[in-house]
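Please look over the sequence and the structure shown below before reading on. The report that follows takes up charged side chains and then a residue in a helix.

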Amino acid sequence: CLLDLSAQEKFEQGLEALISALEKSTDPGQQSRIKSGLCKIRISQINVLQRMHNDLQPTLSYARKVKSDFTDISSLDSSQLVKLRRLNDDIAEMSAKQEKLLAAMRNAASNVVEWLYGLPG
């Protein structure tokens with residue numbers, strides 16, 4: 001499952017609009033409703049990001065296992081070396097995606113803590 005960056009950007013823009021409305025609001029009831037909505041959105045986002053992270057893990061683990069099977073690269077021919085290089089690139093790409101997912105989860109969790117408890121995340 002891949003991150004659709006344009007959808008993610010639109011999602012973040014929508015959240016920014018809600019956060020802006022929260023900051024401008026002087027009505028405690030409205031502020032409470034906005035915070036509640038923002039928390040629900042972020043918690044849902046955390047759940048989706050966690051599923052995406054978990055879905056990626058078996059593929060990444062398998063790729064790392066396959067890579068570990070190449071113990072003696074001196075015996076590989078050029079086509080096998082190309083495949084190994086691609087596998088290394090795939091592992092790096094999947095690892096980077098996992099890091100981005102984890103960063104997004106940390107950010108979302110930080111927002112929830114801030115909105116629920118008024119504490120900086």
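## Lys65 and Asp69

In this predicted model, Lys65 counts as partly exposed, because its relative accessibility of 48% lies between the 20% and 50% that bound this class. Its partner Asp69 has a relative accessible area of 52% and is therefore exposed, since the exposed class begins over 50%.

The side chains of these two residues, Lys65 and Asp69, come together in a salt bridge, with a distance of 3.4 Å from N to O.

## Lys97 and Glu93

A salt bridge also joins Lys97 to Glu93, and here the closest N and O atoms are 3.3 Å apart. Both Lys97 and Glu93 belong to helix α3, which covers residues 78–117, and the two are separated by 4 residues, or about one turn of the helix.

Lys97, with a relative accessible area of 30%, is partly exposed, and Glu93 is likewise partly exposed, its relative accessibility being 45%. Counted by the rule used here, the salt bridges come to 2.

## Gln45 in helix α2

Helix α2, made up of residues 28–68, contains Gln45. Is Gln45 buried or exposed? Gln45 counts as buried, because its relative accessibility is 8% and the buried class covers values under 20%.

When the neighbours within four places in sequence are left aside, the residues in contact with Gln45 are Gln8, Phe11, Glu12 and Ala108.

Definitions and conventions: Residues numbered from 1 in each chain as written. Predicted model: local features only at pLDDT ≥ 70, side-chain atom pairs only at ≥ 80, totals over all residues. Heavy atoms only, no water. Salt bridge = Lys/Arg side-chain N within 4 Å of Asp/Glu carboxyl O. Buried < 20%, exposed > 50% of the residue type's maximum accessible area, 1.4 Å probe, protein only. Contact = heavy atoms within 4.5 Å.
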